[in-house]
Amino acid sequence: MKRSLGILTSLAVAGLIGCSKNSAYVKKGEIQKTITQQAESSRYIDALGIGAADTSLTNTTQRRATSRDAAIVQAQYEMLSYVKGVQLEGGITVEKAMETDSKIETNLKEIIKGAEIVKNEWTNDDGCVVTLRLDKKKLQDAGFKLKS
């Protein structure tokens, strides 16, 4: 299991904060060379993760499963990085608040793990692009007072 997690993590090629307005990041089996991104809307925070398939696997389902898992991990990491920079009421960032209260990081990671997967796209080589979406209301319900 640890080996699999290491493979999945190492296979996460890149992560990008993205907008998921039904746009396709994969066309004709290839990831677009240019991806227009919008990390935040008035209601949501979106993140994009890209994962590569384990080429040692011969089964398409297994390759796609590993690339999807890697892409999810990468998107969660990108979302966490983005949310850490969000301004809270009082003028501090989430990251600064985390420095004073260790429970904040634990709560934030749980919230991000609960982010909705809104899109999975596979490439010709069984890589995967995953779009995650987090409703800002979940952050507010957890006590994060976001600056308007």
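Is aspartate 141 buried or exposed? In this predicted model, aspartate 141 is exposed, as its relative accessible area is 58%. A residue counts as exposed when this value is over 50%. The side chain of aspartate 141 meets that of lysine 137 in a salt bridge, with 3.3 Å from N to O. Lysine 137 is partly exposed, at a relative accessible area of 48%. The two residues lie four apart in helix α5 (residues 136-141), so about one helical turn separates them.

Salt bridges also appear elsewhere, and a search of the whole structure finds seven. One of them joins the side chains of arginine 63 and aspartate 126, at 2.7 Å from N to O. Arginine 63 belongs to helix α2 (residues 60-84), while aspartate 126 sits in the loop between β5 (116-122) and β6, so this pair ties together parts that are 63 residues apart in sequence. Arginine 63 is buried, with a relative accessible area of 17%, and aspartate 126 is buried as well, with a value of 5%. Together with Arg64, Arg63 and Asp126 form a network of salt bridges.

A further salt bridge brings us to the strands: the side chains of aspartate 46 and arginine 133 meet at 3.1 Å, N to O. This pair links distant parts of the chain, since aspartate 46 is in strand β4 and arginine 133 in strand β6, 87 residues apart. Both aspartate 46 and arginine 133 are buried. The two strands run antiparallel to each other and pair over eight bridges, and arginine 133 is the bridge partner of aspartate 46 in β6. Strand β4 (residues 44-51) is mostly covered, with seven of its eight residues buried.

How values were computed: Residues numbered from 1 in each chain as written. Predicted model: local features only at pLDDT ≥ 70, side-chain atom pairs only at ≥ 80, totals over all residues. Heavy atoms only, no water. Buried < 20%, exposed > 50% of the residue type's maximum accessible area, 1.4 Å probe, protein only. Pairing = 2+ DSSP bridges. Salt bridge = Lys/Arg side-chain N within 4 Å of Asp/Glu carboxyl O.
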